[in-house]
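Me: I should like to understand how the descriptive terms applied to this structure are justified. Please explain the reasoning behind each one.

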Amino acid sequence: MSSPRVLGYGIDTLVVNLYWPDGAYQLPDDIEDTLDSLKELYRRDPEGAIFWGIDAYFPLPNPSDHDRLFEAAVVQPTRHYAWQLSFGGLVFVRLSSVKDTTQRRDFPAMRVEFTGTYMLYADRDANAVVEWVLRAAENLTGVRPERVQVSRADVFVDIDVEPGTFQIEDLHRFTSRSHVRGFYSLGGAEPGEAGPAPQEGPMSNTPPQKRLEVPGSWVEGLEQASAFVYRRQWSGFVFGRGPLMARVYSKSVEATVKPATRYLLAMYEELGDEPLREVVRVEFQLTTEALREMVVEGDGTDLRDWDTFLWALPSVWAYLTGAWLVLRDGDRAHRYGRLRDVPVDPVWVRVQRAFGEGGDRRKLVRDRLFRRVDPVALAKQAMGAFLTALVAAAKFNVSFRDWWVGAFRALGSDMDERERLAKEASVAYTRSWQRKLAAVGLMPEKWAFGGVPG
């Protein structure tokens, strides 16, 4: 049996809050009126509430398109903030209107969510992504935010394993520290001692030098664990709930229903020297509540500060995969009286080492043509809708086959792909037209006079 391979790791979904000095959060003249009008338009016409020329105010790079700036954004209503700007469904920026309360340095005047797809486009370079949004926010307000606070971070490792490595029955092989008491520290804290409470305001940028630890008095035991199947096949586990949770699931199974995952696996395969087997993702979701509880020994500051979080990430990963959730070796479990004494499974050892020094990460190359949706599937949907309209209008004797063949051909990136898509369009058009006619009780004219094919 070949050994597991780490394909990639990093930060997936990332949500940060931006803070300005007292009185420094301002917006350009008249932009609030524009945003308000577009927000109201969104309630009536979601596809029409577009802020054209947003790059003049908020110049955010689009790494999926040669780092060009997003030139348009959809303005949406949202909770707790005046507006939300959607940049291609990849980045969501929540903006506050300018008021006395939003100009206070302890108020997060802007909240930014980077989706996992955007992070993939940006080669998982989280530091660069945060710097992009800081520059854009400075361009919008005239003042650079003084503090970046992490509100949510999903950290993950994708690993290639033998098919069948994980089964539903493996749920019992995981051990975990209960997080009911909710205390973590960087350094040797005495059991039960939480130390100084984290304070709001400027946070320490000193990188922690110690591994993440928890009080030794904690008992082991999962607070909540779930298993999932897809068509009788194991698809994943979920551990924990609330501020800290973990997911261990099959990306290969997910790829059967999500085009974006299929493209991710195709990129992994292109980088490797051998075919993929089964790709499993190990992912931890850290919310602001969990990060607030993780403190740096000595000064009592928590890990919500962006710079501190980034420096501490290897230690955080070491705790998450070395104490909070561990997969035990099932082949050797019978030799030990307690499951928590069983050695770590070799697959999990690879997971643990991913963020550490000397990790075997394979850096993702940028695929400029990476698509979050399946363009051929979308084209077939559009063709089906158009043929439905023809039948509804009783246009039974007209054909747009050649037009749709040309439209499909335009989706190809080279001559071979264009020819393949042209043939696929011709077949899809015929089958779809037959289904549309059958829906109204008709059949193609050539069948009516030439006989139904056997």
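**Exposure, burial and salt bridges**

Reply: In this predicted model, Glu-419 has a relative accessible area of 35% and is partly exposed. Arg-409, at 31% relative accessibility, also counts as partly exposed.

Me: Why is Glu-419 called partly exposed?

Reply: Buried means under 20% and exposed means over 50%, with partly exposed in between. The value for Glu-419 is 35%, so the term for the range in between applies.

Me: What makes the pair of Arg-409 and Glu-419 a salt bridge?

Reply: The closest N and O atoms of Arg-409 and Glu-419 are 3.8 Å apart. A salt bridge requires a side-chain nitrogen of Lys or Arg within 4 Å of a carboxyl oxygen of Asp or Glu, and therefore the pair qualifies. Arg-409 lies in helix 10 and Glu-419 in helix 11 (residues 415-439), so the pair ties together parts that are 10 residues apart in sequence.

Me: Why are Glu-254 and Lys-251 said to be separated by about one helical turn?

Reply: Both belong to helix 4 (residues 251-254), and they are separated by about one helical turn because they are 3 residues apart there. Their side chains meet in a salt bridge, at 2.8 Å from N to O. Glu-254 and Lys-251 are both buried.

Me: What makes Asp-170 buried and Asp-29 exposed?

Reply: Asp-170 has 12% relative accessibility; buried means under 20%, so the term fits. Asp-170 is found in the loop between strand 9 (147-161) and strand 10 (174-176), and Asp-170 touches Thr-165 and Phe-237, not counting residues up to four places away in sequence. Asp-29 has a relative accessible area of 71%; exposed means over 50%, so Asp-29 is called exposed. Asp-29 sits in the loop between strand 1 (5-19) and helix 1 (31-44).

Me: Which residues gather with Asp-29 in a patch of negative charge?

Reply: On the surface, Asp-29 gathers with Asp-30, Asp-33 and Asp-36 in that patch.

Me: How do you know that Phe-400 is partly exposed?

Reply: Its relative accessible area is 33%. That value falls between the 20% and 50% cut-offs, so Phe-400 is partly exposed. Phe-400 lies in the loop between helix 9 (375-392) and helix 10 (401-409). Together with Phe-386, Val-398 and Trp-403, Phe-400 makes a nonpolar surface patch of about 380 Å².

Methods:
Residues are numbered from 1 along each chain as its sequence is written. This is a predicted model: local features need pLDDT of at least 70, side-chain atom pairs count only at pLDDT 80 or more; totals for chains, interfaces and linings use all residues. Side-chain values use heavy atoms; hydrogens and water are left out. Patches are made of residues with over 30% relative accessible area and no salt bridge: like charges are joined within 9 Å, nonpolar side chains (Val, Leu, Ile, Met, Phe, Trp, Tyr) within 5 Å. Accessible areas come from the Shrake-Rupley method with a 1.4 Å probe; for residues, only the protein chains shown count as cover. Lys and Arg count as positive and Asp and Glu as negative; His and the chain ends are not counted. The place of a charge is taken as NZ of Lys, CZ of Arg, CG of Asp or CD of Glu. Helices (H or I, at least four residues) and strands (E, at least two) are DSSP runs, numbered from the N terminus. Buried means under 20% relative accessible area, exposed over 50%, partly exposed in between (1.4 Å probe, protein chains only). Contact means heavy atoms within 4.5 Å.
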